[in-house]
Amino acid sequence: VCGIIGYIGSRPAASVLIEGLRQLEYRGYDSFGIAVNGQKIGLLKRNGRIPEDFPEINSFLGTAGIGHTRWATHGIPSDRNAHPHLDCSGRIAVVHNGIIENYLSLKKELEQGGHCFQSETDSEVIPHLIEEYSGKGLLEAVRRATGRLTGSYAFLVIEEGGRGRIIAAKKSSPLVIGCGDGEMLAASDATPILDYTERVIYLEDDDIASISPDGVEVFQNGCRVERPASLIEWSREDVKRGGFPHFMEKEIFEQPEVLANSVRVLTELPDILEGVKGLTLVACGSSFHAGLIFKYLLERVAGIPVRCELASEFKYHPSPARDPVIAVTQSGETADTNSALQVARSYNCPTIAITNVLGSSVTRIADMVIFLKAGPEISVAATKSFIAQCGVLARLADLLSGGKYRTTLLKANVAISDVLRAEFEDAVDLCSGARSLFYIGRGAFYPVALEGALKMKEISYIHAEGFAAGEIKHGPFALLSEDTPVIAVCPPGETYEVMNSNIKEIKARGTPVIVLGRRSDREISRISDLFIPMPEGDIITDIMASTVILQLLAYRTAVRLGREIDRPKNLAKCVTVE
Ligand code: M6R
């Protein structure tokens, strides 16, 4: 996953590109670079993050250029492997997001033809291929080059002395064009475009665009096509931190509103799901946990069986029944999820995408799209998008069960507001000194435990695992000790009694237990080492409240340990490789 940006207009391109790349760093941040079209192509590539203060860019003259922020796939993070990449003459510069699957054979062919490569990346074949075909002009050269590429790409090209334009090409990786007044942008998403214009064009797969300061021409197979512009729904304020020290905290605090909106997204049961006998969900990471919560919620009230599959494993299973398949993906760009949905289509299953990003790749694959409307999520850790997924899916369970969750769904946001104020510094102390953390829950609180552990390991770098509480005695018990606290999610309900026993068994091994339980529950508070109260409510409010407490526990622990909160090491916001 990488972020790309291009600018052409009347402003100094270098500073537009660097500011844009800062906003795209959530996509990858191990190196960055820009190329600006002045008298010659000016190139700057650097390993590591973009410095706060960066006076060097003032020496880059030119009002057109391209930039890249990288999440390494082929070749280590280094100056050499950073984009942009150049052709042999140094006159063509390219930034690329995606994977060129046939790069090894192309590289061999190009090297045999005399081309010299400077990096270990797959992307560098693109400028050399364009150079190879450059006799008939840049646009035609890009068209011919794309015909040779297999894999996924969104790339931008500038040519020294070129006719004042940027050429863009897209296949299976996102690319948005921003249409300003006498200036145009292209970027991996709309976030960096918002500072200049709200009018955007979402390119389609196999589109090639020629972008000048005055507009854009889009081509498919050499023929001109129309791509209508639309208005971005997010505001500039939505993508700024708004006074919070980190995007993650801001996004956690937005959740009462996000949940209230998400449960209203579906006003009626989608036609595709009318009379369904079974459902399959495919997703990764946090989105998979939201899918598991849905499975528990729906099966307990509607008797409709739900398969919830890790998207990366879906294709290895035998062909499913023709039940509808729902892809749950915040970004809409997760390669595993999107290819699982393609597999579902090949089985002729009706498909639905639940996503937060309009115009993302998944929206082009699915028969129907449900938009989460959580607003842009910048922090790598999924928080408000997860709550929005839970809200939309719980509403779906409600619609499929004839209204079993209706009243509770409408007030669940109040439970989140309640726990946002919770103080639990003693639990943060315990977690930040831990060697490992184990999270346990049963029923719908098992995926809540999985999600809590994922959040903790992702941003605090403490080893954390989630378990179905019944499983912990089948092996993980051997790891328990004083410095491996257990976090148990234990609201009242069908799982309460047995969770109560599990907690006592763990304590009997000398392991401290932090329990999330209802505020009025004296018994569970008495047996826990540390108790974090949740408001009174029901299964829906307990799911939402416990999820948010575990997000805050991870966040506060990571802050205590001085971690990089919004951009954890080795991770990226969208994972566009399988
Ligand atoms: O964009 P998606 O929802 O498809 O992303 C799936 C996972 O990569 C994502 O949920 C990941 O696990 C989060 N960073 C966890 O906080």
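Here are three short exercises on a predicted model, with worked solutions.

**Exercise 1.** Work out how α7 and α14 are oriented relative to each other.

*Solution.* Start with the axes: helix α7 (residues 285-302) and helix α14 (residues 445-460) come within 8 Å and cross at roughly 165 degrees. Next, take the cut-off: angles over 145 degrees count as roughly antiparallel. So α7 and α14 are roughly antiparallel to each other. As for handedness, α7 passes α14 in a left-handed crossing. Then look at who touches whom: α7 brings G285, S286, H289, L292, I293 and Y296, while α14 answers with Y446, P447, V448, L450, E451, L454 and K455. Sort those residues and you get 8 nonpolar, 3 polar and 2 charged.

**Exercise 2.** Now do the job for α7 and α17: which residues meet?

*Solution.* The axes of this pair come within 12 Å, crossing at roughly 170 degrees. That makes α7 and α17 roughly antiparallel, because angles over 145 degrees count that way. On the α7 side you'll find I293, L297 and R300, and they meet I539, I540 and I543 of α17. The tally for this contact is 5 nonpolar, no polar and 1 charged.

**Exercise 3.** Place S546 and decide: buried or exposed?

*Solution.* First, locate it: S546 sits in helix α17 (residues 539-560). Its relative accessibility is 0%, so S546 counts as buried, the cut-off being under 20%. Now check its surroundings: leaving aside residues up to four places away in sequence, S546 touches F445, V448, V489, L516 and M534. Finally, find a partner for the side chain: a polar atom of the S546 side chain lies 2.6 Å from the backbone oxygen of D542.

Terms used
Residues numbered from 1 in each chain as written. Predicted model: local features only at pLDDT ≥ 70, side-chain atom pairs only at ≥ 80, totals over all residues. Heavy atoms only, no water. Helix = DSSP H or I, 4+ residues; strand = E, 2+ residues; numbered from the N terminus. Buried < 20%, exposed > 50% of the residue type's maximum accessible area, 1.4 Å probe, protein only. Contact = heavy atoms within 4.5 Å. Axes fitted to C-alpha atoms, helices over the stretch in contact; angles between N-to-C directions. Parallel < 35°, antiparallel > 145°, perpendicular 65-115°, else oblique. Left-handed = near helix turned anticlockwise from the far one by under 90°. Nonpolar A, V, L, I, M, F, W, Y, C, P; charged D, E, K, R; others polar.
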